[in-house]
Amino acid sequence: MSLSYGILGFLNYNPMSGYDLVKAFESSLAFFWHAQNSHIYLELKKLEKNGYIDGKTVIQSERPNKRIFSITDAGRE
């Protein structure tokens with residue numbers, strides 16, 4: 001459950017994609033908390049399913065589409 005809290009903490013500051021969250025973990029928490037990419041993406045699915053975050057697909061013409069996640073009121077609680 002601690003990975004969920006870490007993700008929710010980052011999303012409390014700004015909406016982010018999964019890629020952005022991976023980079024945030026690598027640049028700020030990697031010295032004492034290693035979160036694998038696959039675990040972050042699995043946790044994003046669980047958080048969205050439970051209503052703690054909301055994901056929106058952003059269509060990109062020259063790159064693959066991406067999903068931007070934002071925290072919901074339930075996620076803040």
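1. Helix H1 covers residues 2-13 (helices are DSSP runs of H or I with at least four residues, strands runs of E with at least two, numbered from the N terminus). Its twelve residues should span 16 Å at 1.5 Å a residue, and the end C-alpha atoms are 17 Å apart, which agrees; the expected span is 1.5 Å times one less than the number of residues. Do keep in mind that this is a predicted model, where local features need pLDDT of at least 70, side-chain atom pairs count only at pLDDT 80 or more, and totals for chains, interfaces and linings use all residues. Residues are numbered from 1 along each chain as its sequence is written, and side-chain values use heavy atoms, with hydrogens and water left out.

2. Among the buried residues of H1 are Leu3, Ile7 and Phe10 (buried is under 20% relative accessible area, exposed over 50%, partly exposed in between, with a 1.4 Å probe and protein chains only). Their packing partners include helix H2 (18-29) and strand E3 (66-71).

3. Now the sheet: three strands form an open, antiparallel sheet in the order E1-E3-E2 (strands pair if DSSP finds at least two bridges between them). E1 and E2 stand at the edges with a single partner strand each, so one side of each lacks a neighbour in the sheet. Between E1 and E3 there are two bridges, and Ser17 has Ile68 as its bridge partner in E3.

4. Turning to H2, its buried residues are Gly18, Leu21, Val22, Ala24, Phe25 and Leu29. They fall within an arc of 160 degrees seen down the helix axis, so they line one face (the arc is that of directions from the helix axis to the C-beta atoms). Tyr19 and Ser27, on the other side of H2, are exposed.

Definitions and conventions: Contact means heavy atoms within 4.5 Å.
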